[in-house]
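Have a look at the chain below and keep it at hand. The exercises that follow each come with a worked solution.

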Amino acid sequence: ISNELSVNWLLWHLLTGLSSKTSSKNKFSRVKKSRVKYFLLTSIILIVGCAYTPTINNMVAPYKSYNESDKSIKIGQISGGEEINPLIGVSKIDATGFYGALELSLKMSRIFIYNMKEADYTLKALIVSQKQPMMGLNMTSSLTVNYVLFETDSRREIWSKSITSNYTAKFGDTLDGGKRIQFANEGVVRENLGILLESLSSLGL
């Protein structure tokens with residue numbers, strides 16, 4: 001059984017088991033039982049939370065000044081990524097959202113002239129792995145993406161790199177555990193794309 005399903009199974013039994021045991025032994029009054037359930041539910045929301053989809057604008061790499069080229073670039077295939085599984089309920093980074101963040105990051109950086117119709121170079125990316133915690137106070141996400149830059153016409157590879165990034169959303173950022181995972185996912189993409197832009201700028205093409 002997966003770790004995610006194990007956690008959900010445990011949380012479910014904490015709630016249902018509490019009701020059956022306390023009713024049979026009459027250890028708690030109805031008021032006390034409701035208070036305990038409320039405390040458990042609140043704790044689960046704070047530590048686990050619901051699943052939120054990362055927003056594209058919050059995944060865009062921070063703007064800074066880069067070396068600008070007169071060459072053009074477009075985005076090729078973006079593969080990998082994961083959709084949110086409603087049964088597990090953990091925020092994930094999908095290929096569509098990553099594409100949007102990458103596109104805006106390239107446009108804002110002005111390292112290359114962005115042109116999806118005719119471009120000197122094509123950049124493709126493969127989301128190799130991503131890891132998010134199921135629960136916790138501080139939530140750390142990790143992301144590994146393989147990038148390849150090649151000449152559009154000749155298909156000759158110019159540059160490739162595997163970039164791994166990490167980002168921690170702290171308990172003080174928000175009390176909602178699901179939101180903290182969302183913030184961690186958005187931050188880890190920003191970090192990854194920031195490293196990408198630094199690398200592309202240093203190529204001097």
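Helices (H or I, at least four residues) and strands (E, at least two) are DSSP runs, numbered from the N terminus. Residues are numbered from 1 along each chain as its sequence is written. The model is predicted, so local features need pLDDT of at least 70 and side-chain atom pairs count only at pLDDT 80 or more, while totals for chains, interfaces and linings use all residues; side-chain values use heavy atoms, without hydrogens or water.

**Exercise 1.** Describe what lies at the two ends of helix 3 (residues 95–109).

*Solution.* Begin at the start of helix 3: there a side-chain oxygen of D94 comes to within 3.3 Å of the backbone nitrogen of T96. Then move past the other end, where R110, just after helix 3, has a positive phi of about 60°.

**Exercise 2.** Find what the buried residues of helix 3 pack against.

*Solution.* First list the buried residues (under 20% relative accessible area, 1.4 Å probe, protein chains only). Among them are F98, L102, E103 and L106. Next, look for their partners: the buried residues pack against strands 1 (72–80), 2 (113–114), 3 (121–131) and 4 (139–151), and against helix 4 (177–202).

**Exercise 3.** Place N146 of strand 4 among its neighbours.

*Solution.* Take one side: strand 3 and strand 4 run antiparallel, joined by 10 bridges, and L126 stands opposite N146. Now the other: 12 bridges join strand 4 to the antiparallel strand 5 (residues 157–169), where S162 is the bridge partner of N146. Finally, check the cover: 10 of the 13 residues of strand 4 are buried.

How values were computed. Buried means under 20% relative accessible area, exposed over 50%, partly exposed in between (1.4 Å probe, protein chains only). Contact means heavy atoms within 4.5 Å. A polar contact is a pair of N or O atoms within 3.5 Å; within protein, one must be able to donate a hydrogen and the other to accept it, and residues adjacent in sequence count only if both atoms are side-chain atoms. Two strands pair if DSSP finds at least two bridges between them.
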